[in-house]
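Got your viewer open? Load the model below and keep the selection tool handy, then follow along stop by stop.

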Amino acid sequence: MEISTLEWSVTIAVTVAVLAFDIIVIARDPHEPTMRECAIALAVYVGAAVAFGAWIWLGHGHEYGVQFYAGWLTEYSLSIDNLFVFIILMAALKVPREYQQEALMVGIVLALIFRAIFIALGYQLIENFSWVFYLFGAFLVYTAVSLVKSYRSHEDEHPEDNRVVKFAQSHLNVGEEFRGLKLWYRVNGARVVSPMLIVIIALGTTDLLFALDSIPAIFGITQEPYLVFTANVFALMGLRQLYFLLGGLLKRLVYLSLGLAFILAFIGVKLVLHALHENELPFINGGEPLDVPDISALVSLGVIVVTLAVTAGLSLLAASRMTEEEIEDKTSSLRAPEE
């Protein structure tokens, strides 16, 4: 796939401009957005992603268009899963509703930075070491198994208790008052750290750990760095509005972890098959490629769409028959960073 310097430049410039606009708007008027605000913004972001995919399809061929849509849906579903953890963090760290937009915006910016770094590293790895697909595939299958185990154990997750956050809380003089994105201020002449800094640290460590399975997953669908980057950008845009728009509905997606586990396992198997197809390891078939099925991007897109549709449908159906306590119990197995 040939992407010109101009296309890269415009893409990065538009991404930065959208983020800057969001940051300026939020900084001027910190508030809890209305349902109308969220719905309009989310429609714009989703519409932009669909339009961008159509442009890729028409300008660079249907195969790349399918790869973008499959990658975007996978990253979007993983990002929605991240929202569960953000909800837990906001509640546990007692972030006022009017300041949650600012915290989420910082989290999204950090997620983009971390994912850009992982994309660059991942691309260099797959370009120079084809065997890395074995590692990516095995890691995704392991993550899928962990998701299923977490779902079945119903263990409560506490992402705010990770070691980095605990270290910061114990070594910094943390105040009690949130003052937007102001990270330190003075109380009775003493300088204190705003609790917002602890929130940012928690979101940052969360974003970093989630990128570990997010990037291998997208590389299982496409190895084109431009598509990997843009799929992640569009998946993260609009998450802030989705957080406020769906709110309680997110908790009703009781089978989301299982759906994501299936998608990650599927992509993991696809990566292993791709690794076998390109095999260079001397202890596997004498270093020669194996004649194994190579799952196309179209099949991947179909599997992802059907899985997400079935997961959402069964989740909402099951949630309609549960009490609030049962829903809380089912969603207590959400993914969270390990300590």
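Colour the chain by secondary structure: you should find 13 helices and two strands. Both kinds of element are DSSP runs, numbered from the N terminus, with helices being H or I over at least four residues and strands being E over at least two. This is a predicted model, so local features are given where pLDDT is at least 70 and side-chain atom pairs count only at pLDDT 80 or more, while totals for chains, interfaces and linings use all residues. Residues are numbered from 1 along each chain as its sequence is written, and side-chain values use heavy atoms, with hydrogens and water left out.

Now show the surface. The chain exposes about 16,100 Å², and carbon and sulfur atoms supply 65% of that; accessible areas come from the Shrake-Rupley method with a 1.4 Å probe, and for residues only the protein chains shown count as cover. Of the 339 residues, 50% count as buried. Buried means under 20% relative accessible area, exposed means over 50%, and partly exposed is in between (1.4 Å probe, protein chains only).

**Stop 1: the core**

Hide the surface and select Phe-68, Trp-72, Val-199, Tyr-243 and Ile-267. In the largest nonpolar core, which has 90 residues, these five touch the most other members. Such a core is a set of buried Ala, Val, Leu, Ile, Met, Phe, Trp, Tyr and Cys residues joined through side-chain atoms within 4.5 Å. Which helix gives the most to this core? That's α3 (residues 62-92), with 15 residues. In soluble globular proteins, nonpolar side chains tend to be buried together.

Zoom in on Phe-68. Setting aside residues up to four places away in sequence, Phe-68 touches Ala-49, Phe-52, Gly-53, Leu-227, Thr-230, Ala-231 and Phe-234. Contact here means heavy atoms within 4.5 Å.

**Stop 2: helix α2**

Select residues 35-60, which make up helix α2. Its 26 residues reach 37 Å from first C-alpha to last, close to the 38 Å expected at 1.5 Å a residue. The expected span is 1.5 Å times one less than the number of residues. Buried residues in α2 include Tyr-45, Ala-49, Phe-52, Gly-53 and His-60. Just after α2, Gly-61 takes a positive phi of about 105 degrees.

**Stop 3: a loop residue**

Next, pick Lys-94, in the loop between α3 and α4 (97-128). Is Lys-94 buried or exposed? With a relative accessible area of 65%, Lys-94 is exposed. Lys-94 also has a positive phi of about 55 degrees, although it is not a glycine. Most residues other than glycine have a negative phi.

**Stop 4: the hairpin**

Show the two strands, β1 (residues 184-187) and β2 (residues 190-193), which run antiparallel and are joined by four bridges. Strands pair if DSSP finds at least two bridges between them. Look across from Val-187 and you'll see Ala-190 of β2 standing opposite. The two strands form a hairpin with two residues between them, and Asn-188 in the turn has a positive phi of about 55 degrees.

**Stop 5: helix α7**

Select residues 195-219 for helix α7. With 25 residues at 1.5 Å each, α7 should span 36 Å, and its end C-alpha atoms are 36 Å apart, which agrees. Centre on Ala-211, where α7 bends by about 35 degrees; that is the angle between axes fitted to the seven residues ending there and the seven starting there. Since 20 of its 25 residues are buried, α7 is largely enclosed by the rest of the structure.

**Stop 6: helix α11 and beyond**

Find Leu-271 in helix α11 (residues 256-277). Leu-271 counts as buried, at 1% relative accessibility. Its C-alpha is 5.6 Å from that of Phe-133, although the two are 138 residues apart along the chain. Beyond neighbours within four places in sequence, the contacts of Leu-271 include Phe-133, Leu-140, Pro-216 and Phe-219.

His-274 is in α11 too, and counts as buried at 17% relative accessibility. Among the residues His-274 touches, not counting those up to four places away, are Phe-133 and Asp-294.

Finish at Pro-289, in the loop between α11 and α12 (297-319). Pro-289 is partly exposed, with a relative accessible area of 45%, and its C-alpha is 5.2 Å from that of Glu-278, eleven residues apart along the chain.
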